[in-house]
Amino acid sequence: MTASILLAHPYPKSFNHAIFHTVQKTCEKNGVHVYAHDLYEEQFNPVLTRQELGSDRSNDPLVNQYAKELVESDILVFIHPNWWGQPPAILKGYIDRVIRPPHAYDFPDNDSGGGLPIEKLKGKLGVVYNTSNTDEERENTYFCDPLDKIWGKCVFGFLGINRYHRKMFRIIADSSENERKAWLQEVEAEMTDITRK
Ligand SMILES: Cc1cc2nc3c(=O)[nH]c(=O)nc-3n(C[C@H](O)[C@H](O)[C@H](O)COP(=O)(O)O)c2cc1C
């Protein structure tokens, strides 16, 4: 079993980093082959280039490496804070540049892109860990949990990935050390369960 684990948070002491390390450690402990990337640390450039838009190839070695790993992985784990109801720009750029035709999805020869995609990543499992500072009721009723739609429908749904698990940890700003410890134990238990299936 292989997992790609992608982290989008700039601060090494963040709770997002703690989740990232827990996911990575748990996967490795359970014999999963891991590709783990801290997008800020690796200085990933999130901007889809003009060259890439007009082509099936990228000249950026990081894009090509992430794309190869994406296709090889059985489990795709994304870890990021809720920023304006969206992933941070660096991860949005990963989606734009790495989750691309022809390896992630494509369109039939007679379709210029207006129809339904050919799903190339079917059968994989998508996992998302988020953090935020909004309580659950306000997130669900006022904001309508945009991250659930982005990941569940716009990204994984579009790619034919229908096994999808997401968890939001909240409220980080008011959380105690004990609470954060317990949350990391939850991550460890979930990832153990996922990787033993
Ligand atoms: C640019 C930016 C936008 C944010 N937007 C939201 C938001 O829309 N909803 C929310 O609940 N928190 C928002 N936050 C707060 C972050 O989600 C919060 O700081 C983070 O989840 C805490 O995790 P950490 O300890 O790993 O940094 C935002 C923070 C930043 C810096």
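**Figure 1. Asn16 and its neighbours reach the ligand through polar atoms.** In this predicted model, a polar side-chain atom of Asn16 sits 2.7 Å from an oxygen atom of the ligand. Thr134 also offers a polar side-chain atom, found 2.5 Å from a ligand oxygen. With Asn133, look at the backbone instead: one of its polar backbone atoms is 3.0 Å from an oxygen atom of the ligand. On its own the ligand has 640 Å² of accessible area, and the protein covers 68% of that.

**Figure 2. A shell of residues surrounds the ligand.** Try counting the residues here: 14 of them surround the ligand. The closest are His9, Asn16, Asn82, Thr131 and Thr134. Which classes make up this shell? Nine of its residues are polar, five are nonpolar and none is charged.

**Figure 3. Nonpolar residues gather in a core of 28 members.** This is the largest nonpolar core in the model, and the members that touch the most others are Leu39, Phe44, Phe78, Tyr94 and Trp151. Helix H3 (61-72), strand E3 (75-81), helix H4 (89-98) and helix H6 (146-159) each give two or more residues to this core. A second core, separate from this one, has 21 residues, including Phe20, Val34, Ile75 and Tyr129. Such gatherings fit a general pattern: in soluble globular proteins, nonpolar side chains tend to be buried together.

**Figure 4. Tyr94 meets residues from several parts of the sequence.** Leave out everything up to four places away in sequence, and Tyr94 still touches Leu6, Leu39, Phe44, Tyr66, Leu70, Phe78 and Ile99. Tyr94 is also one of the buried residues of helix H4, the subject of the next view.

**Figure 5. Helix H4 is largely enclosed.** Why can we describe H4 this way? Seven of its 10 residues are buried, so the rest of the structure largely encloses this helix. The buried ones are Ile90, Leu91, Gly93, Tyr94, Ile95, Arg97 and Val98. Their cover includes strand E1 (2-7), helix H2 (50-53), H3, E3 and H6.

**Figure 6. Tyr105 lies in strand E4.** This strand spans residues 105-106. Is Tyr105 buried or exposed? Its relative accessibility is 15%, and buried means under 20%, so Tyr105 counts as buried. Setting aside neighbours within four places in sequence, Tyr105 is in contact with Ile99, Arg100, Pro117, Ile118, Lys120, Phe158 and Leu159. For a sense of distance, find Arg166 too: Tyr105 and Arg166 are 61 residues apart in sequence, and their C-alpha atoms are 22 Å apart in space.

Notes: Residues numbered from 1 in each chain as written. Predicted model: local features only at pLDDT ≥ 70, side-chain atom pairs only at ≥ 80, totals over all residues. Heavy atoms only, no water. Near = heavy atom within 4 Å. Polar contact = N/O pair within 3.5 Å; in protein donor to acceptor, adjacent residues only side chain to side chain. Areas by Shrake-Rupley, 256 points an atom, 1.4 Å probe, with all protein chains shown as cover. Nonpolar A, V, L, I, M, F, W, Y, C, P; charged D, E, K, R; others polar. Core = buried A, V, L, I, M, F, W, Y, C linked by side-chain atoms within 4.5 Å. Buried < 20%, exposed > 50% of the residue type's maximum accessible area, 1.4 Å probe, protein only. Helix = DSSP H or I, 4+ residues; strand = E, 2+ residues; numbered from the N terminus. Contact = heavy atoms within 4.5 Å.
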